[in-house]
Amino acid sequence: MQKTYTIENLDCPNCAAELENALRDIKGINNVSISFLTQKLCIDFADDDEAVMKEVRRITNKIEPDCEITND
């Protein structure tokens, strides 16, 4: 199941790439992409999206503490 989120306060393309690479390692995600230009985070979930999103938010907060992920 694929879902798209808005990711606010992302500073630069390098930050987006670093975060995208970190999120790829989360169990339960088939694919993830972040567009710095559109400030969109697309996730293809393999498992329960609520549990995975909790981990996505934790990792995002660790790498980019000012970023906020919201539902589209």
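Is asparagine 71 buried or exposed? In this predicted model, asparagine 71 has a relative accessible area of 60% and is exposed, because a residue counts as exposed over 50%. Asparagine 71 belongs to strand S4. In sequence, 69 residues separate asparagine 71 from glutamine 2, while in space their C-alpha atoms are 13 Å apart. With this residue as the point of entry, the description turns to the sheet that contains its strand.

The sheet is open and consists of 4 strands, arranged in the order S2-S3-S1-S4 with antiparallel pairing. Strand S2 (29–35) and strand S4 (68–71) occupy the edges; each has a single partner strand, so one side of each is left without a neighbour in the sheet. From one strand to the next, the twist averages 25°.

The pairings inside the sheet can be followed residue by residue. Strand S1, residues 2–8, is joined to strand S3, residues 40–45, by 5 bridges in the antiparallel sense. Within this pairing, threonine 4 stands opposite cysteine 42 of S3, and tyrosine 5 has leucine 41 of S3 as its bridge partner. As a general rule, side chains in a regular strand alternate between the two faces of the sheet.

S3 also pairs with S2, again in the antiparallel sense, over 6 bridges. Here serine 33 has cysteine 42 in S3 as its bridge partner. Cysteine 42 thus appears in both pairings, opposite threonine 4 and as the partner of serine 33. S2 and S3 together form a hairpin, with 4 residues between them.

The turn of this hairpin holds glutamine 39, a residue of the loop between S2 and S3. Glutamine 39 is not a glycine, yet its phi is positive, at about 60°. In general, most residues other than glycine have a negative phi. Asparagine 9 is another residue other than glycine with a positive phi, near 70°. Asparagine 9 is located in the loop between S1 and H1. How accessible is asparagine 9? With a relative accessibility of 45%, asparagine 9 counts as partly exposed.

Two helices accompany the sheet. Helix H1, residues 13–24, lies across S1, S2 and S3 and runs at about 170° to S2. Helix H2, residues 49–63, packs on the sheet and touches S1, S2, S3 and S4, with its direction making about 140° with that of S3.

What span should the 12 residues of H1 cover? At 1.5 Å a residue, the expected value is 16 Å, because the span is taken as 1.5 Å times one less than the number of residues. The end C-alpha atoms of H1 are 17 Å apart, which agrees with that expectation.

The buried residues of H1 are Cys15, Ala16, Leu19, Glu20 and Leu23. Viewed down the axis of H1, these buried residues fall within an arc of 135°, so they line one face of the helix. The general geometry of an α-helix is 3.6 residues a turn, so residues three or four places apart point the same way. The buried residues of H1 pack against S1, S2, S3 and H2.

Alanine 16 gives a closer view of this buried face. Alanine 16 lies in helix H1 and has a relative accessible area of 4%; it is buried because the limit for that class is under 20%. With residues up to four places away in sequence left out, alanine 16 touches Leu10, Ile34 and Phe36. Alanine 16 and glutamine 39, the turn residue already described, are 23 residues apart in sequence, with a C-alpha to C-alpha distance of 9.1 Å.

The cysteines remain to be considered. How many disulfides does the model contain? The count comes to 0. Cysteine 67 is in no disulfide, and the nearest cysteine sulfur, that of cysteine 15, is 7.6 Å away. A disulfide requires sulfur atoms within 2.5 Å, so this separation does not qualify. Cysteine 67 has a relative accessibility of 12% and counts as buried. Cysteine 12, by contrast, is partly exposed, with a relative accessible area of 25%.

Key. Residues are numbered from 1 along each chain as its sequence is written. This is a predicted model: local features need pLDDT of at least 70, side-chain atom pairs count only at pLDDT 80 or more; totals for chains, interfaces and linings use all residues. Side-chain values use heavy atoms; hydrogens and water are left out. Two strands pair if DSSP finds at least two bridges between them. Helices (H or I, at least four residues) and strands (E, at least two) are DSSP runs, numbered from the N terminus. Axes are lines fitted to C-alpha atoms, for helices over the stretch in contact, and angles run from 0 to 180 degrees between N-to-C directions. Contact means heavy atoms within 4.5 Å. Buried means under 20% relative accessible area, exposed over 50%, partly exposed in between (1.4 Å probe, protein chains only). The arc is that of the directions from the helix axis to the C-beta atoms.
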